[in-house]
Amino acid sequence: MLPHLNESRLKGSYYTSTSLASSTRSNINQNADNALRILNDSDKLMADPKQTATALLAVKYGIFESADTNLSYNLMALSKLLSDHPSAWNVVDQSLIDKITQIAIVIDQPTNVICPALSVLTLITLDIDNIAAKSNFGSLEQSIASHPEFIESLVSRLLSSNVQIIHAALQLINATLLRLVLTRPDTASPYFDQLRDAGLLRYASQLFENKPLAASCSPQLYDLQELIRAIFAQNKQIDVDISDHLHLTSYKQMESMVTTLIGTNQSNNVDWQRTGLSEGQDPVTEINNSLKWAGIQDFTDFLSQDEMVFKKMYLEHLAFAPPNSRFPLILASLAVSEIMFDIFGVNEFKKDYFNVMPESFIPAPYAIHDISPSASTASLTGPKVSSSMLSPSTSVSETLNTTTRVAKAGANSSVESELAKLGKLRPLIFDWGLLHSAGIVNFLRLWLVSSAQKEDFENIIEVVRVLFAQAIPNSDFSTVSIDSVVSKLDTLSYADIRALQLQNVEEELNSHWGMEIRSLHNQFHQESYDFVKEQRIRLLLRGEWFYIDNPTQPPPTNSKSRLSTGSTAGVAAPTSRRYFVALSPSLNTLHYSEYPKKLDEYPAVDALTRTVDLSTITKVIVTSLTPKTHQPKNRLRVNLQSRTNYSKISLVSTGSRENSTLNFYIDTPEKAAAWGDGLLMLKNKPYQSTETKKYIDMFAETKLRLQMMHITPDDLEFAVKHPIFEKDYESVQTSDDFYFL
């Protein structure tokens, strides 16, 4: 409540004086003079009750009778009187409120008229509790009821190119939400819905596209943000009661849009079962079990957007989905709203911010120095408006003569508090409808991709929660844009989200059981190492064919003729000579023999004539070979490069000088890793390749995840014994009497 609004009012005897009334019926110029006297020195004027009554009535009738410049003077004078002098409130009645409301509705009203008019309405709205206690005073609610176009006109002011109009409009919107919505927690107020339908959130979001403009209005935008959070939290506590006229209207609107979307049943009623509700479930009951009035607001707003992408996906889904797999539309909308409540901190919001009215709510009083010296125009001087805030039709002279109240509002609030509000702004909250719509569309997308059923609903909610967490990482509202958020919501795949979900589970478990999990991981890592080592040794025991000659080097003869004929450049065809190498069953000796070509069958170890004592081997060197490129002389020919990745394995023995005991060549990295690391692991030396490390880590992490999720072989046996069969498919009459264009 304003600190000066509880003081005594003027005595009514002065207003009943016939002589005073007649003195107010002077010409318009005299009314303007009275207004200028008030702006010049209101304290001296208000000290004399007789002069006070005369001036107040003159200002009031000046508002009714004057226009343009003189109207601006009288509105500014009334705004100053209501701000500074409690006795001035006796002049406020329903007729005056209606007149100022009519002035504010006019779209092409001059800036120096519309700004003080909005300021007066803001002051009246902020003092609405005191006004309601006086029977002779009117109220803004009655004026809004008489002029339903006022709400739409007020919200449209946010699209103005003039920063002062936007500033004044935001103050009146905030005052309306505070006094007419937030201070009435027991009943649902229509004003927030009306402002929302008129585009309040959408237009407020557009303000952030102009950073200087958003910065200049940051205190009011922050107030609006906190009011929206408070109203959402308040509406979450209000049950939907269709016996209430407002609630019944919203429910009928929701029914109508659902019927338009999915049709009716045989009884010509809304087929709620097609929206995913079970037989006997009531939509009002389900809504009241969740977000109540806030839930039906979001769902109705989503249906009114007529999202074509959603309609296409949803109707195709309904045409073929069995009852148990139908997408739960209403419940999904409520779930997405609850996720957004968590993201924007609606559930934790406290109304302490509004216990003491923020200074940014109160319009600053006008003074004589706000009037430009020019007698032909009534304008307010102040800081220049950024050129980016001007419409193409706005001239520089018009801009310099427009009302500026931003500097004065800044004087009421400290620089520190304004900077703090700017840092706490969450611009995405003004894109609430767009985020909610994108959330439902992607909820349906994930539902279809995962082939979910009713019993999977809670699991899909968690998947959607992870999706939102990735789209808005760490609740970063200052750097992300609505376009980037929607893009991430639409593009992140179900498999990626599930992987992130599993990663989140691991991080949560690590935070609670870090030491135990690390010990378990080390145990599984050693088991995986032993498993891979055993696998590598089995490959060595089986044996393998290898090249004897380096396949990346061209043969010494006929190379010129090969290049001239245009054969594949860069790698010569490997010679047919082969080694067959195998490990002995004792694991101590490597046996090998040379063959003129690769045989169809693997030779036995006993048939191999040469041996290498592994105890004498000190090093196993695996070298990746890069083919030499040969550029053909004829530039018209295409130079093809081989994609085969060859490797050389060298076994180095002990002695006075290190000698390569055996060299052979492999044509795949997997074989190179298996044999190179296999020989090293056989000698209890550390492996070298990334392939082996990848397998060991994969086996260890898979076993750890299975352990954390308590999955055992019994679970697989149960799944095999109890397969899931679809029994409730709707019968669909198919026909081949159709064709495609």
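Two helix axes count as oblique when their angle falls outside the ranges for roughly parallel (under 35 degrees), roughly antiparallel (over 145) and roughly perpendicular (65 to 115). In this predicted model, the axes of helices α16 and α18 cross at roughly 40°, and the two helices are therefore oblique to each other. This briefing covers that pair, a second helix pair and the cysteines.

**Helices α16 and α18**
- Helix α16 spans residues 245–262 and helix α18 spans residues 293–305, and their axes come within 10 Å.
- The crossing of α16 past α18 is left-handed.
- On the α16 side, the contact includes Leu-246, His-247, Tyr-251, Met-254 and Leu-261, while α18 contributes residues including Trp-293, Ile-296, Phe-299 and Leu-303.
- Of the residues in the contact of α16 with α18, 10 are nonpolar, five are polar and none is charged.

**Helices α20 and α25**
- The axes of helix α20 (residues 329–343) and helix α25 (residues 457–471) come within 10 Å and cross at roughly 40°.
- That angle makes α20 oblique to α25.
- Helices α20 and α25 form a right-handed crossing.
- Among the residues making the contact are Leu-331, Val-336, Ile-339 and Asp-342 of α20, together with Phe-457, Ile-461, Arg-465 and Phe-468 of α25.
- The contact of α20 with α25 comprises 11 nonpolar residues, two charged residues and no polar ones.

**Cysteines**
- A disulfide is a covalent bond joining the sulfur atoms of two cysteines.
- Zero disulfides are found in a search of the whole structure.
- Cys-115 has 0% relative accessibility and therefore counts as buried, the cut-off being under 20%.
- Cys-217 is also buried, because its relative accessible area is 1%.

Terms used:
Residues are numbered from 1 along each chain as its sequence is written. This is a predicted model: local features need pLDDT of at least 70, side-chain atom pairs count only at pLDDT 80 or more; totals for chains, interfaces and linings use all residues. Side-chain values use heavy atoms; hydrogens and water are left out. A disulfide is a pair of cysteine sulfur atoms within 2.5 Å. Buried means under 20% relative accessible area, exposed over 50%, partly exposed in between (1.4 Å probe, protein chains only). Axes are lines fitted to C-alpha atoms, for helices over the stretch in contact, and angles run from 0 to 180 degrees between N-to-C directions. Helices (H or I, at least four residues) and strands (E, at least two) are DSSP runs, numbered from the N terminus. A crossing is left-handed if the near helix is turned anticlockwise from the far one by less than a right angle, and right-handed if clockwise. Contact means heavy atoms within 4.5 Å. Ala, Val, Leu, Ile, Met, Phe, Trp, Tyr, Cys and Pro count as nonpolar, Asp, Glu, Lys and Arg as charged, and the others, Gly among them, as polar.
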